[in-house]
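Open the model in your viewer and keep the selection tool at hand. We will go from stop to stop, picking out residues and strands as we go.

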Amino acid sequence: MRRSIIKLTLSLSIFLSGTALAGTFTLDSKDISNGEFMPKQHEFQGFGCSGGNKSPQLSWSGAPEGTGAYALMVYDPDAPTGSGWWHWQLVNIPASVNNLDAGAGDPGKNLLPAGSINITNDYGAKGFGGACPPKGHGVHRYQFTLYALSKKLTLPEGASGALTGYMVKAHSLATAKIEALYERK
């Protein structure tokens, strides 16, 4: 009897957690699409790249109850570094916000929501750093992942990408993702 209760409890827990994970938290964009190539305007300006270095427009909906802030992480897992490449880490986006305008990743334009914090990317600058895979390296994936956080994060000045990622994942309630592509031939 006890074994049956344990099995029922486990089955119910798995069912309920699967239902919660299948929520409606979504990330959309007018500029990029999942599984599609990004236009050159989202290519970095520098390191041999000559794009517009413009961050794409992003919007989201369906955040879980209890969301206290958001974090956006833009990452290239295919960069030939051994650890990937952080293109943009933006934390403490207010919970009342559900959109970032195109170009918001340029700190000089002041388009970010008040209270948002840019973390230094792997180009060594704060803000969005566009795609710039090595020529002939093939197709790279650019993962734009939005995290609904349980609270705003407290990070030390100069926090690394790894520490930021750790804190984001430690306080994540849900994620939504667009994985765009880019290649330089």
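Select His42 and Gln41 and show their side chains. A polar contact of 3.3 Å joins the two side chains. Keep in mind throughout that this is a predicted model.

**Stop 1: around His42**

Stay on His42. Where does His42 lie? Look in the loop between strand 1 and strand 2, with strand 2 covering residues 45-46. Is His42 buried or exposed? His42 counts as buried, because its relative accessibility is 0%.

Now show what surrounds His42. Leaving out residues up to four places away in sequence, His42 touches Asp31, Ile32, Lys54, Ser55 and Pro56. It also touches Phe128, Gly130 and Ala131. Next, add Gly129 to the selection. His42 and Gly129 are 87 residues apart in sequence, yet their C-alpha atoms are 8.5 Å apart in space.

**Stop 2: the disulfide**

Select Cys49 and Cys132. How many disulfides does the structure hold? It holds one, and Cys49 and Cys132 form it. A disulfide is a covalent bond between the sulfur atoms of two cysteines. Here the sulfur atoms of Cys49 and Cys132 are 2.0 Å apart. Turn the view until you look along the S-S bond. The angle about that bond is 95°, and the link of Cys49 and Cys132 is right-handed.

What does this pair tie together? Cys49 lies in strand 3 (residues 49-50), and Cys132 lies in the loop between strand 8 and strand 9, so the link joins parts that are 83 residues apart in sequence. Both Cys49 and Cys132 are buried.

**Stop 3: the sheet of three strands**

Select residues 26-28, 58-61 and 99-100. These are strand 1, strand 4 and strand 7. Together they form an open sheet in the order 1-4-7, with antiparallel pairing. Strand 1 and strand 7 stand at the edges with a single partner strand each, so one side of each has no neighbour in the sheet.

Look closer at strand 1 and strand 4. Three bridges pair them in the antiparallel sense. Pick Leu27 and find its bridge partner in strand 4: that partner is Trp60.

**Stop 4: the sheet of five strands**

Move to the other open sheet. Which order do its five strands follow? The order is 8-6-5-9-10, and the pairing is antiparallel. Strand 8 (117-119) and strand 10 (172-182) are the edge strands, each pairing on one side only. Tilt the sheet and look for its twist, which averages 15° from one strand to the next.

Now select strand 5 (residues 69-76) and strand 6 (residues 85-94). They run antiparallel, and seven bridges join them. Pick Asp76, and you will find Trp85 of strand 6 opposite.

Go to the edge of the sheet and select Ile117. Ile117 is found in strand 8. Ile117 counts as partly exposed because its relative accessibility is 38%. Setting aside neighbours within four places in sequence, Ile117 is in contact with Gln89, Leu90, Val91 and Asn92. Add Ile93 too: Ile117 and Ile93 are 24 residues apart in sequence and 7.6 Å apart in space, C-alpha to C-alpha.

**Stop 5: helix 2 and what follows**

Select residues 161-170. This is helix 2. It lies across strand 5, strand 6, strand 8, strand 9 (140-149) and strand 10. Against strand 6, helix 2 runs at about 45°.

Step on to His171, in the loop between helix 2 and strand 10. His171 is buried, because its relative accessible area is 18%, and the cut-off for buried is under 20%. Not counting residues up to four places away in sequence, His171 touches Ala148, Leu149, Ser150, Lys151 and Leu153.

**Stop 6: the whole chain**

Clear the selection and zoom out. The chain has two helices and 10 strands. From the N terminus, the elements run α-β-β-β-β-β-β-β-β-β-α-β. Of the chain's 185 residues, 42% count as buried. Take the contacts between residues at least 6 apart in sequence: 71% of them join residues at least 24 apart.

Finally, colour by pLDDT. The chain averages 90, and 88% of the residues score at least 70. Then select residues 1-22. There pLDDT stays under 50, and the model has zero contacts beyond four places in sequence for this stretch.

Notes: Residues are numbered from 1 along each chain as its sequence is written. This is a predicted model: local features need pLDDT of at least 70, side-chain atom pairs count only at pLDDT 80 or more; totals for chains, interfaces and linings use all residues. Side-chain values use heavy atoms; hydrogens and water are left out. pLDDT is the predictor's confidence in each residue, from 0 to 100. Contact means heavy atoms within 4.5 Å. Two strands pair if DSSP finds at least two bridges between them. Helices (H or I, at least four residues) and strands (E, at least two) are DSSP runs, numbered from the N terminus. Axes are lines fitted to C-alpha atoms, for helices over the stretch in contact, and angles run from 0 to 180 degrees between N-to-C directions. Buried means under 20% relative accessible area, exposed over 50%, partly exposed in between (1.4 Å probe, protein chains only). A polar contact is a pair of N or O atoms within 3.5 Å; within protein, one must be able to donate a hydrogen and the other to accept it, and residues adjacent in sequence count only if both atoms are side-chain atoms. A disulfide is a pair of cysteine sulfur atoms within 2.5 Å.
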